[in-house]
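Trainee: I would like to understand how the labels used for a structure follow from its values. Could we go through some of them together, one label at a time?

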Amino acid sequence: MVRSSWSAAAAVAVLVSAAAHAPGAGAGDAKGAAVRAWEGHLDLPTYEEGLPDVNPPFDVFETTRFNYPYTLRQNLTDRRRAARWRTLHLENEYLRVTVLPDLGGHLYSCVDKATGEDLFYANTAIKKARVAYRGAWTALGVEFNFPVSHSWVTASPVDYALRSHPDGSASVWVGNQDRAYGMRWQVALTLRPASTLLQQDVALYNRSDTRHRFYWWTNAGVRVWDDSRIEYPMRFTASHGFTAVDTWPVNRAGVDLSVVGNHTFGPVSQFSHGSREAWMGVYHPRTNTGVAHYSSPVDAPTKKVWSWGSDPDGLDWRKALSDDQSAYVEVQAGLFRNQETYAFLEPQESVRFTEYWMPVRGTGGITRASPEGVLHLTRAPSAGGTVDLAVAFNVTRALAGGTVALKDGDRTVATEPVTLRPDGVGRAAFAGVPAGARYTVELRDAAGVRLVHTEDGEDMMPASQVQVGPQPRRALPPPGERTEGDLVEGGADQERNGQRLAAWDTYADGLRRFPESLLLLKAQGRLGVALKRFDEAAERLEAVTARDPTDSEARYYLGLARDALGDARAARAAWESVQQFGTFRPAALL
């Protein structure tokens, strides 16, 4: 993940650059036909909505969800009709991608042409339920969530574009500027010739003058059956709010939650904990296919699995969200450790990162995945105390004249030659090897290592450092006993949760008790600018800058307050004094 300050115009250039320089994107690899990109339409049964509520709650007066200036879409009906939806398409030799720009830019489907199977949950009907921030929400494909969960435009039209690139690749762009905060998200979905890798480049940008809370979660629905397996590289999971830690795949109740058919005790909603592994996926023995996702720990590090389950309530949700009562799970990737955690995106700051999707076929499961491919390794007892190792793998681009090597530490035990197309399945068997060793499998081409897996070599926190069960929680002392730090912490937490008036009161209470606190003066002054309480904001921020003239954040917000009060000369002086400092330099210069 890259955080920086940049202009709106730069956002497009950065994402195009990322699309042109991904793993395996060299000119010598673009041997297939150019990727097709076009607009079309798709006819889907769609359930109508009634008129929206045009009186949504304002954010500053609401302590939970707020929507102004968006209408509320809670008037859902059971009236079913045929509807024609606009579509955006990408297609190469191996994958066919469909995006719905009028439904939040959802990545509706990605069909693996080798098997005919869809990587995602291409719902057969647009059937909405009251799940999203505004109400109407539909379960299908990949949903992009920013700056809040099931966001304001998840079932609304968003901006879009199609782009073809000189290397023969093509991209579908979707994005939106939200009306509540004025921030923007953009996603570029890119296919390359002769590749089964679908690249997802994300850019989040705060184009406004003040900071705003945000988070990002990619939420991919994947159609499942009872024997589908959730293949996540983790040994522990955390609950919402990090209130408890459990074991995975078999939880403390003895249930193997990696098997979808075992979700019979209500919803499953778990975050990965203690793992830095970059991949996750779902595999279906029923079709011998699956999907894998990859994002490095510096991009979207957190993984979550969600399932409605198959108890009576879960079966009711299948009816509420589909016509065929089909089941799906959600494969989710995010920036923060859970979905209760928000951060602030500073003015003119951006966050950029990349995620990848790839089909899995014929491997029997997923042991390792990367942008180069997917590998599944199994170990079975053999005669004389030895073991047989079997390797199955898919690659995302052609592998010619390669090798599969089995290693014990630095020693190469055996190698086998391999030539493989992206739509094929490679296999290697190593029989009768000593059982006491833990082996590494390396898939190589002429350029070096492509895909590596070491048995029991996952990048995870040692079990001895993980406390299973209920987790200790930080509780603020009673109001009369709170320190200066407690009050700053409490107000910031309220801001991150959208409770801005409550945060103002918290800072005001703090200043009554600690009137000389620079931290509280700056916190309330900064918030005062966002709440358009410019006189009070200027008073507090001037007190801060008088005592600490190096505080560039306070001087930047003082400039905003002075400008709003009509004192352009004082505003300019404040911003000029900030421009030497990196964090607020772009916003101050603008």
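Trainee: What makes H5 a mostly covered helix?

Mentor: In this predicted model, 10 of the 13 residues of H5 are buried, among them Leu520, Leu521, Ala523 and Arg526. Each of these residues is called buried because its relative accessible area is under 20%. The cover over the buried residues of H5 includes helix H3 (484-496), helix H4 (500-513), H6 and H7.

Trainee: How do you know that the distance between the ends of H5 agrees with its number of residues?

Mentor: The expected span is 1.5 Å times one less than the number of residues, so the 13 residues of H5 should span 18 Å. The end C-alpha atoms of H5 are 19 Å apart, which agrees with that expectation. Just after the helix, lysine 532 takes a positive phi of about 65 degrees.

Trainee: Why are arginine 526 and glutamate 553 said to meet in a salt bridge?

Mentor: The rule asks for a side-chain nitrogen of Lys or Arg within 4 Å of a carboxyl oxygen of Asp or Glu, and for arginine 526 and glutamate 553 the N to O distance is 3.0 Å, so the pair qualifies. This pair links distant parts of the chain, with arginine 526 in helix H5 and glutamate 553 in helix H7, 27 residues apart. Both arginine 526 and glutamate 553 are buried.

Trainee: What do glutamate 542 and arginine 562 tie together?

Mentor: Their side chains meet in a salt bridge at 2.6 Å, N to O. Glutamate 542 lies in helix H6 (residues 534-547) and arginine 562 in helix H7, so the pair ties together parts that are 20 residues apart in sequence.

Trainee: Why is glutamate 542 called partly exposed?

Mentor: Its relative accessible area is 33%, and because partly exposed covers the range between 20% and 50%, glutamate 542 belongs there. Aspartate 423, at 26% relative accessibility, also counts as partly exposed, and aspartate 423 forms a salt bridge with arginine 421, with the closest N and O atoms 2.9 Å apart.

Trainee: Why does glutamate 330 have no salt bridge?

Mentor: The nearest side chain of opposite charge, lysine 304, is 5.7 Å away, and because a salt bridge requires a distance within 4 Å, this pair does not count. Glutamate 330, which lies in strand S23 (residues 327-334), is nevertheless buried. The side chain of glutamate 330 does make a polar contact with the side chain of glutamine 332, at 2.8 Å.

Notes
Residues are numbered from 1 along each chain as its sequence is written. This is a predicted model: local features need pLDDT of at least 70, side-chain atom pairs count only at pLDDT 80 or more; totals for chains, interfaces and linings use all residues. Side-chain values use heavy atoms; hydrogens and water are left out. Helices (H or I, at least four residues) and strands (E, at least two) are DSSP runs, numbered from the N terminus. Buried means under 20% relative accessible area, exposed over 50%, partly exposed in between (1.4 Å probe, protein chains only). Lys and Arg count as positive and Asp and Glu as negative; His and the chain ends are not counted. A polar contact is a pair of N or O atoms within 3.5 Å; within protein, one must be able to donate a hydrogen and the other to accept it, and residues adjacent in sequence count only if both atoms are side-chain atoms. Contact means heavy atoms within 4.5 Å.
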